[in-house]
Amino acid sequence: MKPVQRLILMGFFVLVWSGPAHEQVCAASLGQNPSSEGQSANQFAEKSSLIVTPDYIIGPEDVLEITVWKNADLSKSVQVRPDGRISMPLIGDVSAVGRTTSQLTADIANRLKAFMENPVVSIVVNQVNSYLIYVLGEVKTPGRYPLKSKTTLLQAITLAGGFTPVAARNKIVVFRFGRDGEGLIKIKASYDDIVLRDGTNQNIELKPGDQIVIPSETMVVIPER
C-alpha cells in the first residue's frame, strides 16, 4: 500500500472513531444533558401537582407588607380585617380579600395617583393566616392546620394524628363554605369506602376553611320530629 493511501485510510478510521465522542463533547460543552433535563421536568411536574392554587388569593387575617417607593409614611404592615379590607393613609379602606397581590398592588397604585405622580407600590404577604383547615372530633390532635400544599381528606386526618379508638371513621363529614354566601356545603365520606372499596372520589381535595368532623361511635342520633 502506498504511503498516501495509508495516510488517507488512517485519517478515515480516526474520523469514524472520534465522531460520536466528538458529538458528546460538543453536547457537554453546550450544557446539554438530555437525561438531566428530563429528570428536572419530571421533578417540576411532581412539585407543581402539590400547589394549592396557581395564584395566591388574599384572605382575612393575612398580614401584608405594603411599600410605596420613596414614601415611608405610606409604607406599612397591615392585617386584612374580617370584613376583607385594609386601611391605607390618604386613600382609606381598600378591598383585599379575593384578590391576588398584583391586583391589589394595581388598585392601590391607581388610587394614589390622585395624590402623587407615578406611585410605585409593592406588596409582600408576610403571614399566611387564611389558608387553614380544621379537624374536629375523634382524632388524636384536633385543631386547625395550615394548608401549605395540596391536601386530601386522608392526609388531613393523618396530620391530626389519626383516629381515636371510638371514632366513627365511616361517618366523616366535611363542611365547606359555598360560593357567594350560599352557606355551608355538607360532604360525607367513609374511610372504608376510600381504602377498601372504589370510593377514592370521597378522598376529596381540601380547600381553605374546610371543617372536617369525625364523630364518635357512641354518639346518639336523635330523630327529627
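What percentage of the 225 residues in the protein is buried? In this predicted model, buried residues account for 28% of the chain's 225 residues. The protein exposes about 15300 Å², and carbon and sulfur atoms contribute 56% of that area. The secondary structure comprises 5 helices and 10 strands. For readers who like to think in contact maps, 51% of the contacts between residues at least 6 apart in sequence join residues at least 24 apart.

A convenient place to begin is the sheet of 3 strands, which is open, antiparallel in its pairing and ordered β2-β1-β5. Its edges are formed by β2 (76-79) and β5 (121-127); each has a single partner strand, so one side of each is left without a neighbour in the sheet. On average, neighbouring strands here are turned by 25 degrees against each other, direction ignored. Strands β1 and β5 run antiparallel and are joined by 6 bridges, and within this pairing E65 has V124 of β5 as its bridge partner. Helix α3 (residues 101-112) packs on this sheet, where it touches both β1 and β5, and the helix direction makes about 135 degrees with that of β5.

The other sheet to visit is an open one of 5 strands, with mixed pairing and the order β7-β6-β10-β8-β9. Here β7 (143-146) and β9 (184-189) are the edge strands, each pairing on one side only. From one strand to the next, the twist averages 20 degrees. Inside this arrangement, β6 (residues 132-137) and β10 (residues 211-214) run parallel and are joined by 4 bridges; L136 stands opposite V213 in β10.

Strands of this sheet also appear in the wall of a pocket. The largest pocket holds about 820 Å³ of space, and 25 residues line it. Nearest its centre lie S130, F177, K207, P208 and G209. Both β6 and β8 (172-177) supply at least two residues each to the lining of the largest pocket.

One loop residue rounds off the tour. T53 sits in the loop between α2 (34-48) and β1 (63-68). Is this residue buried, partly exposed or exposed? The relative accessible area of T53 is 25%, and T53 is therefore partly exposed, given that buried means under 20% and exposed over 50%. T53 also offers a handy example of a separation in sequence set beside one in space: T53 and K150 are 97 residues apart along the chain, while their C-alpha atoms are separated by 8.3 Å.

Technical notes:
Residues numbered from 1 in each chain as written. Predicted model: local features only at pLDDT ≥ 70, side-chain atom pairs only at ≥ 80, totals over all residues. Heavy atoms only, no water. Buried < 20%, exposed > 50% of the residue type's maximum accessible area, 1.4 Å probe, protein only. Contact = heavy atoms within 4.5 Å. Areas by Shrake-Rupley, 256 points an atom, 1.4 Å probe, with all protein chains shown as cover. Pairing = 2+ DSSP bridges. Axes fitted to C-alpha atoms, helices over the stretch in contact; angles between N-to-C directions. 1 Å grid on protein atoms, 1.4 Å probe; cavity = no way out; pocket = protein on both sides within 12 Å on 5 of 7 lines; lining within 4 Å. Points joined across faces, edges and corners; volume = space filled by probe spheres on them.
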